[in-house]
Amino acid sequence: MPKATLMRRHPAGCWAAAAVLLAGCLTGCVASEAQEIAAPPPKPLAPCAWWYGIGQPPTTQEIELAAKRYQVVVLNADQGAAMRRLRQLNPRVKVLVYKDLSSTRNYAGAVDGGQDAVFLPSGIGYVAAEQHHPEWFAQDTKGRRIEWQGYPKHWQMTVWNPDYQQAWTDAVVTEVKREGWDGVLADNDFNSLSHYSSAVLAGTANVAETDRKLRDGLDAFLAKAGDALTNANKVLVPNVSETHLVPGRWTAHSRFGGAMEENFGFRENGGTGGLLTFRGNEFQELRAQAALGESMLLLITRTHNAREERSGYASAALLAGPRTCWTRATTDDYRDPEWSTLQDSGLGEAIDAASRLPNGVWSRTFTHGWVAVNTTAAGQTVVPPVGLVRPGAPAALTSTPTLTSTPTPTSAPTSAAGPPPPTSSSAPPPITLEAADAVVLVDPQQLVKRGTWLVVRDEFRIGRLWAR
């Protein structure tokens, strides 16, 4: 109806009353916006814990433990009941469903009795693609389908095909909304096919062209799926690989709710070099995302010994923001929930940004502790703040740390977030950090009252971290 006709229908008194109401509404809206702007930002707490629970169906006991322990959980699509039980036990936990971007699968469980399973590990079922869209199976230069080496019955799909992208997106968004997941952990947002196959894609001349075609396709794919999930108020968190090789890729692919780094704190040169995460542009991009606190960083360190565990956790602490979560992986199949005693250390809140010393060691101070990471391939020394000890058993309270660093300023940093770690009159001894090693030190009082303080810390963190 024309605006003039509407105006003639209402007497002047009504418009006067409406003006008063409108003014009141605008005043309230402005006040509300001012309050929202003035609200303090989420706090950069020590890394939260998360569980990549895709190895086997979780038990009742594991779900109960997960509700107390983790802030983010990833489950397979057929574990909707476990997701709902987690929500009952802890309404604040974020539960994502695993979906593969790049493959369809026909192993038992994905295909049963000649039919696609109801709940798939991928977006498109093998049988459906075989019957209706065989062109969605990627082929090599000899016209053969590409089965992933080391992963039988995983078949590479044409991630660059707009029709495949749209079908995957439609199916996954529909399922996520129907089942009530918080979003999707999208696996195999990879940089190179070479990790799965030496094949060269049909229509490309060599491995470099194959990888470029896949990367370009995944860029477009992520944009399409991410927009659709965002419109559904869900998140898309891809497992994006080797972002140190492609500047800007982590930032671009994490914009729909976050991203996952499955090889965080990985050592170069077959385990003899420095930490790969700090090469190229990757660490800077992760750091910028973590500081914003608007999306998830899901970090996994593959650990075979205590040094790898320390360097993984401490590196995550260097990045720690409101939504930075870390876990370790001691197996390749993620069969069991993982936990590190370092996650009980009680570092508290970061009171400064991570800084790099001239010798390549990074460090960061927290309200109740301090971490240092030697990212290089050679031993380095650092001097820790005074009054701190290693977390762990009570014997750690009297043990002498073994760190390596350069001297720290005599005056400890202060912050409105809380007091600095305790100080004493005697200077602490230097600590020698071996190549790719790290140290985590805490206020000894945190160890004394760890059993009660940890519960308060976790509940506060969960409330601040995921409140929308």
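Visitor: Taking contact to mean heavy atoms within 4.5 Å, which residues is T210 in contact with, leaving aside its neighbours within four places in sequence?

Guide: T210 is in contact with L193, A199, V200, L201 and T204 once those neighbours are set aside. Before going on, please note that this is a predicted model, in which local features need pLDDT of at least 70 and side-chain atom pairs count only at pLDDT 80 or more, while totals for chains, interfaces and linings use all residues. Residues are numbered from 1 along each chain as its sequence is written, and side-chain values use heavy atoms, with hydrogens and water left out.

Visitor: OK, and where is T210, and is it buried or exposed?

Guide: T210 is placed in helix 7, residues 207-231, where helices (H or I, at least four residues) and strands (E, at least two) are DSSP runs numbered from the N terminus. T210 is buried, with a relative accessible area of 1%; buried means under 20% relative accessible area, exposed over 50%, and partly exposed in between, with a 1.4 Å probe and protein chains only.

Visitor: What about A202, what does that touch?

Guide: A202, in the loop between strand 8 and helix 7, touches Q139, D140, T141 and K213, not counting residues up to four places away in sequence. With T141 the C-alpha to C-alpha distance is 4.2 Å, although the two residues are 61 apart in sequence. A202 is partly exposed, at a relative accessible area of 35%.

Visitor: Switching to helix 10: how many of its residues are buried?

Guide: Helix 10 is mostly covered, with 10 of its 14 residues buried, and those are E309, S311, G312, Y313, A314, S315, A316, A317, L318 and L319. They pack against helix 9 (282-292) and against strands 11 (296-302), 12 (324-329), 14 (361-366), 15 (369-374) and 18 (438-442).

Visitor: And how far does helix 10 reach from its first C-alpha to its last?

Guide: Helix 10, residues 306-319, reaches 20 Å, close to the 20 Å expected at 1.5 Å a residue, the expected span being 1.5 Å times one less than the number of residues. At the start of helix 10, a side-chain oxygen of N305 comes to within 3.2 Å of the backbone nitrogen of R307.

Visitor: E285 sits in helix 9; what is the nearest side chain of opposite charge?

Guide: That is R249, 9.5 Å away, and E285 is buried yet has no salt bridge. Here Lys and Arg count as positive and Asp and Glu as negative, with His and the chain ends not counted, and a salt bridge is a side-chain nitrogen of Lys or Arg within 4 Å of a carboxyl oxygen of Asp or Glu. The side chain of E285 is instead joined to that of N281 by a polar contact of 2.9 Å; such a contact is a pair of N or O atoms within 3.5 Å, where within protein one must be able to donate a hydrogen and the other to accept it, and residues adjacent in sequence count only if both atoms are side-chain atoms.

Visitor: How many salt bridges are there by this rule?

Guide: The count comes to 15. One of them joins R105 and D100 at 3.1 Å, N to O, and both of these residues are buried. Another pairs R279 with E268, whose closest N and O atoms are 2.9 Å apart; both lie in the loop between strand 10 and helix 9, so the pair ties together parts that are 11 residues apart in sequence. R279 is partly exposed at 27% relative accessibility, and E268 is partly exposed at 22%.

Visitor: Which residues are linked in a network of salt bridges?

Guide: R84, R178 and E179 are linked in that way.

Visitor: Last one, what is phi like at N188 and N269?

Guide: Most residues other than glycine have a negative phi. N188, however, has a positive phi of about 60°, and phi of N269 is near 55°, also a positive value. N188 lies in strand 8, residues 183-189, and is buried at 6% relative accessible area, whereas N269, in the loop between strand 10 (258-261) and helix 9, counts as exposed at 62%.

Conventions:
Contact means heavy atoms within 4.5 Å.
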